[in-house]
Amino acid sequence: MEIEIATIGGYEEVGRNMTAVRAGDDVVIFDMGLNLSEVLLHDDVAVERMHSLDLIDLGAIPDDRAVGDLEGSVRAIVFSHGHLDHVGAVGKLAHRYDAPIVATPFTLELVKDQLAGEERFETDNTLVSMEPGETIPIGARCELEFVHVTHSTVGAVNPVLHTPEGAVVYGLDKRLDHTPVIEDPIDVERFSELGDRGVLAYIEDCTNAGRKGRTPSESVARARLRDVFDSLADTDGALVATTFASHVARVASIVEFAREIGREPILLGRSMQTYATTARHFDYPIPEDVEAHGHRASIERALRRVANEGREDFCLVVTGHQGEPRAMLSRMARNETPFEFDAGDAVVFSARTIPEPTNEGQRHRLETLLRQRGVRLYDDVHVSGHLRDEGHYEMLERLRPENVVPAHQTLSGIASYVTLAESQGYTPGEDVHIPRNGTTIQLAE
Ligand SMILES: [Zn+2]
């Protein structure tokens, strides 16, 4: 059976991930993501109203016209997890394919949110919910499986397409976490079993390629967070924490530690409210009695209550860790809300600044404003959701893939991974591929 991999997006940048795999007459698409830095650069564009082709020209979404060149029919559109660089283009692209959308229940809810916010296109693809360990048939001879992985959001999987020529493992995104705080540990045993049965190709998350060592567990981030919160137990200023709203484990830890030091946590910001609602729906531990406000009027009411009852009794968990100008933290720092920072207030960034010029500039502006007001800053109380080099070695050992396809990075990021694969006996251009957006890799005839 002929097997081809079309590397559509995310092979020249960290963002807009999309890959299509053809096995005989059947094609499976993995992810349809947004390139956040391109969207940030064009702050004035309303993505939800724009046409796909204009967004493709901007470099904001994958150029999926390459899928039309594959000689097969799309049988499924599969999402690995709910981050925007993986699901953010679903509203723009999925309607072009007569195929079901397949994802874990949590990811599927986030896909539905994306589709509800889309103003330009109607999407009526069937939505199929699938749990890790389950499979569905793809065409007559292939099968799709989900393997549970750990990442910086919940409900993440590595999808696997089983073909008569071996498995194609879509490895975006994960870290090898054996103590992930609120979910099961990563299912590394399943990866070893897949390796024993034969892996034709492994598409790898190279976000952190070239970084030495092992990505720490979420329980390490949790311990660091507890250390910071304990140190703030006796302060009587405001306490504001910010992290990725999608990072349910992290938000849950912040809520727990806020309560431990006698402060009432309040979640503020549109995405904080969305994710808290979705997380509770799936019984993740964001307690029902924690307030979450997403709309401006209710946010302002909550902040007036904080001002009236005493800021020392609350912990505000807000959006805006990258300094996004319209997110909560920047608006609070600019005094655009009923809350005003005072000297001695504390802000905990449970996130790392994404190393990208737009972000770095915005974060710099935010931090300067906060420091001018005498705010104490706790930066980078965080661990990454992506594998570092020791994780990459372990995955190669477990899967022993015939072919490796590095993804989720620029060319220089991919180069670090190619060097690593070479040290494990792979040969660049032969069985470790160096793809660009829009290339097709032939794997079996
Ligand atoms: Zn991700």
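In this predicted model, R22 and E4 are joined by a salt bridge, with their closest N and O atoms 3.0 Å apart. The two residues belong to distant parts of the chain: R22 lies in strand β2, which covers residues 18-23, and E4 lies in strand β1, which covers residues 3-9. A span of 18 residues separates the partners along the chain. This pair is one of 29 salt bridges that the structure holds.

The wider organisation of the chain comes next. The chain is divided into two domains. Domain 1 is made of two segments, 3-214 and 385-444, while domain 2 covers residues 218-378. The C-alpha centres of domain 1 and domain 2 are 31 Å apart. To the contact between them, domain 1 contributes 23 residues and domain 2 contributes 21 residues.

The interface may be described by its area and by its polar pairs. Between them, domain 1 and domain 2 bury about 1800 Å², and 62% of this area is on carbon and sulfur atoms. One salt bridge is counted between the two domains, and six residue pairs are in polar contact across their interface. On the side of domain 1 that touches domain 2, the elements giving two or more residues are α1 (36-41) and α5 (105-117). Of these, α5 gives the most, with five residues.

A further salt bridge in the structure brings together the side chains of E218 and R175, with an N to O distance of 3.0 Å.

Attention now turns to a sheet. Six strands form this open sheet, and their pairing is parallel. Read across the sheet, the order is β14-β13-β15-β12-β16-β17. The strands at the edges are β14 (291-293) and β17 (376-378), each of which pairs on one side only. On average, and with direction ignored, neighbouring strands of the sheet are turned by 20 degrees against each other.

One end of this order can be followed in detail. Strand β16, residues 346-349, runs parallel to β17 and is joined to β17 by three bridges. Among the residues involved, V347 has L377 of β17 as its bridge partner.

A helix also packs on the sheet: α8, formed by residues 248-260. Helix α8 touches three strands, namely β12 (239-242), β13 (264-268) and β15 (314-318). The direction of α8 makes about 145 degrees with that of β13.

How values were computed. Residues numbered from 1 in each chain as written. Predicted model: local features only at pLDDT ≥ 70, side-chain atom pairs only at ≥ 80, totals over all residues. Heavy atoms only, no water. Pairing = 2+ DSSP bridges. Helix = DSSP H or I, 4+ residues; strand = E, 2+ residues; numbered from the N terminus. Axes fitted to C-alpha atoms, helices over the stretch in contact; angles between N-to-C directions. Contact = heavy atoms within 4.5 Å. Domains from an automatic or database assignment. Buried area = accessible area lost by both parts, 1.4 Å probe. Salt bridge = Lys/Arg side-chain N within 4 Å of Asp/Glu carboxyl O. Polar contact = N/O pair within 3.5 Å; in protein donor to acceptor, adjacent residues only side chain to side chain.
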